Amino acid sequence: MGVVTASWEHRVDPVARDQAVVRITGVADHGSIALQNARLLATVRHQSMHDALTGLPNRVLFTQE
């Protein structure tokens, strides 16, 4: 979880300010998607190497070098 803020030292044209906010929002959205993908990948890795019922390591985990 994070917070994105933007501020300007001088008065900025409203159109330019709105464009900057749209860009910042886009960057924040991309960061959010990247975090979601990382969590999903970690979940899939765990599920592939552990038993669904007990949560114990399975044969795949033991045979890896």
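Here is a quick briefing on the fold, the surface and a few individual residues of this chain. Keep in mind that this is a predicted model. The chain has two helices and zero strands. With a radius of gyration of 21 Å, well over the 11 Å that the globule rule gives for 65 residues, the chain is more spread out than a compact globule.

**Overall shape and surface**

- Along the principal axes, the C-alpha atoms take up a box of roughly 65 × 20 × 15 Å.
- Not much is tucked away here, as buried residues account for 5% of the 65 residues.
- The chain exposes about 6100 Å², and 59% of that comes from carbon and sulfur atoms.
- On the charge side, there are 6 positive and 6 negative charges, and their mean positions sit 2 Å apart.

**Helices and how far apart things get**

- Helix H1 covers 14-49, while helix H2 covers residues 59-63.
- Phe62 belongs to helix H2, and with a relative accessible area of 64% this Phe62 side of the story is simple: the residue is exposed.
- From Phe62 to Asp18 is a long haul: their C-alpha atoms are 54 Å apart, with the two positions 44 residues apart along the chain.
- Val60 is also placed in helix H2, but Val60 has a relative accessible area of 41%, so it is partly exposed.
- Val60 pairs up in space with Met49: the two are eleven residues apart in sequence, yet their C-alpha atoms are 5.7 Å apart.

**The segment before H1**

- Ala6 sits in the segment before H1.
- Its relative accessible area is 41%, so Ala6 counts as partly exposed.
- Ala6 and Val21 are 15 residues apart along the chain, and 7.6 Å separates their C-alpha atoms.

**The loop between the helices**

- His50 is in the loop between helix H1 and H2.
- At 19% relative accessibility, His50 falls under the 20% cut-off, so His50 counts as buried.
- A polar atom of the His50 side chain lies 3.0 Å from the backbone oxygen of His46.

**The salt bridge**

- Side chains of opposite charge can pair when their charged atoms come close.
- The count for this chain is one salt bridge.
- Asp18 and Arg17 form a salt bridge, and their closest N and O atoms are 3.7 Å apart, which puts the pair inside the 4 Å limit.
- Neither partner is buried: Asp18 is partly exposed at 42% relative accessible area, and Arg17 is partly exposed at 35%.

Conventions:
Residues numbered from 1 in each chain as written. Predicted model: local features only at pLDDT ≥ 70, side-chain atom pairs only at ≥ 80, totals over all residues. Heavy atoms only, no water. Salt bridge = Lys/Arg side-chain N within 4 Å of Asp/Glu carboxyl O. Buried < 20%, exposed > 50% of the residue type's maximum accessible area, 1.4 Å probe, protein only. Helix = DSSP H or I, 4+ residues; strand = E, 2+ residues; numbered from the N terminus. Rg over C-alpha atoms; globule rule 2.2 N^0.38 Å. Areas by Shrake-Rupley, 256 points an atom, 1.4 Å probe, with all protein chains shown as cover. Lys, Arg positive; Asp, Glu negative; His and termini not counted. Charge placed at Lys NZ, Arg CZ, Asp CG, Glu CD. Polar contact = N/O pair within 3.5 Å; in protein donor to acceptor, adjacent residues only side chain to side chain.
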